[in-house]
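Student: I would like a close look at one buried position in this chain. Please describe its surroundings, then work outwards to the sheets.

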Amino acid sequence: MADNGLVTSPDVVSALRPRLPSPLVEVVDGRFARRGVRLSLKRDDLIHPDLIGNKWRKLAPNLGAAAGRTVLTFGGAYSNHLRATAAAGRLLGLPTVGVVRGQELADGPPNPSLARCAADGMRLHFVDRSTYRRKAEPDTLAALLAAAEAEGAYVVPEGGSNARAVRGCRGLGEELRGVADVVALACGTGGTLAGLAAGLAPDQWVLGVPVLKGGFLDADVRALQEEAFGGPRGNWTLDHRFHWGGYARVPDGLDSFAADFEQRHGVPVERLYVAKLLHGLVALAEEGAFPRGTRLTAVITGAPFPTA
Ligand SMILES: *Cc1c(COP(=O)(O)O)cnc(C)c1O
């Protein structure tokens, strides 16, 4: 395997059998049609039942690079990334270690997300929040690896966004060349957006909706593109208005918006990311942000857990 993330190891692909390219489906929705906007959904949630959406695209090149070593990564109590990593470990026969934010979670029964990780064979290592915040510092990381008895492990950062992951997400853009004017997605670390923008054609534009509050993501995306490609790539902007109070906040208004979207279109709507994206797009369409005739594609980056 080329070690640049361009190619995912054939072993990984044949063991995991992703559905690629993921389906692209046009939906009829009056809130967009009224504005002359054609909406399509890029169903990355259908790539793989356990490595859902962008998690497949980001993990696959890293699993190849791990080359059989233990894979260690990080996440919160309900992390989609931890569950995807644990599932990949089970499917590929790779040992996995999940470093979980929150020492207090070690007491008492695991929540359903962590229980799934453990059932997939992931060894969970709980750390206090202050250690967790400093996990990328070399000394802290070395101490963590020792404490987790995982020296020599292949380390994937929180959220899975390293240079290999970003390069892996170029494929999403390549699948959408020529079929969309604007491609929109929800962003956590921004790794998926950084790669997607690099894979599109020069006349296409990416719109990112950050689900975390803080406005730091523009700089993070620039840094990820620098690390992955050596400089900026593609056309992208972020709209910071649609986080609904911050990560994992799902107010009733958002929940009912998502339930209504599910009813209209028969697509399961993951609440922490995808619902915020779709709501933001409806608001933008109503503001007249998209010129008539725009072909708008929303990336369905994940699915609700537990899966319906
Ligand atoms: C992880 C995740 C994201 C965020 O991806 P980033 O590359 O971190 O921006 C978006 N949507 C869903 C459903 C996710 O699970």
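**A buried serine and what lies around it**

Tutor: S113 counts as buried because its relative accessibility is 1%, and the limit for that label is under 20%. The model is a predicted one. S113 belongs to helix 5, which covers residues 112–119. Once neighbours within four places in sequence are set aside, the contacts of S113 are A77, Y78, S79, R83 and F305.

Two of these contacts lead to helix 4. S79 caps the N-terminal end of that helix, with a side-chain oxygen 3.2 Å from the backbone nitrogen of H81. R83 is among the buried residues of helix 4, which run H81, L82, R83, A84, T85, A86, A87, A88 and G89. These buried residues pack against helix 3 (54–66), strand 3 (71–75), strand 4 (96–101) and helix 5. Helix 5 is the element that holds S113.

The length of helix 4 can be checked. Helix 4 has 13 residues (80–92), so at 1.5 Å a residue a span of 18 Å is expected; the C-alpha atoms at its ends are 18 Å apart, in agreement. Just after the helix, G93 has a positive phi of about 70°. Helix 4 lies across strand 3 and strand 4, and makes about 160° with strand 3.

Strand 3 and strand 4 belong to an open sheet of 4 strands, ordered 5-4-3-6, in which the pairing is parallel. Its edges are strand 5 (123–127) and strand 6 (154–155), each paired on one side only. Strand 4 pairs with strand 5 in the parallel sense over 5 bridges, and within that pairing V100 is opposite F126 of strand 5.

H125 is also located in strand 5. Its relative accessibility is 18%, so H125 too counts as buried. Apart from neighbours within four places in sequence, H125 contacts V97, G98, V99, V100, L144, A147 and A148.

The chain also has a second sheet. This one is open, with 6 strands in the order 1-2-10-7-8-9 and mixed pairing. Strand 1 (24–27) and strand 9 are its edge strands, each paired on one side only. Direction ignored, neighbouring strands in this sheet are turned by 25° against each other on average.

Consider strand 2 and strand 10 of that sheet. Strand 2 (residues 38–42) and strand 10 (residues 295–299) are parallel and share 5 bridges, and L39 has L296 of strand 10 as its bridge partner. Helix 10 packs on the sheet, where it touches strand 7, strand 8 and strand 9, and its direction is at about 160° to that of strand 7. Helix 13 (residues 274–287) lies across strand 2, strand 7, strand 8 and strand 10, and runs at about 160° to strand 10.

Strand 8 (residues 205–210) has 5 of its 6 residues buried. Strand 8 pairs in the parallel sense with strand 7 (residues 182–187) over 6 bridges, and V209 of strand 8 stands opposite A186. Strand 8 is also joined by 3 bridges to strand 9 (residues 236–238), and these two strands run parallel. There, V206 has W236 of strand 9 as its bridge partner. From strand 8 the chain passes through helix 11 (residues 217–229) to strand 9 in a right-handed β-α-β crossover. Strand 7, helix 10 (residues 191–199) and strand 8 likewise form a right-handed β-α-β unit.

One residue remains to be placed beyond strand 10. G302 is in the segment after that strand. G302 is buried, at a relative accessible area of 10%, where the limit is under 20%. With residues up to four places away in sequence left out, G302 touches D45, I52, E270 and V274. From C-alpha to C-alpha, G302 is 18 Å from V27, and the two are 275 residues apart in sequence.

To return to the starting point, S113 is a buried residue in helix 5. Its contacts include R83, a buried residue of helix 4, and S79, the residue that caps the N-terminal end of helix 4. Helix 4 in turn lies across strand 3 and strand 4, two strands of the parallel sheet ordered 5-4-3-6.

How values were computed: Residues numbered from 1 in each chain as written. Predicted model: local features only at pLDDT ≥ 70, side-chain atom pairs only at ≥ 80, totals over all residues. Heavy atoms only, no water. Buried < 20%, exposed > 50% of the residue type's maximum accessible area, 1.4 Å probe, protein only. Contact = heavy atoms within 4.5 Å. Expected span 1.5 Å × (residues − 1). Polar contact = N/O pair within 3.5 Å; in protein donor to acceptor, adjacent residues only side chain to side chain. Pairing = 2+ DSSP bridges. Right-handed = clockwise from strand over helix to strand, strands pointing away. Axes fitted to C-alpha atoms, helices over the stretch in contact; angles between N-to-C directions.
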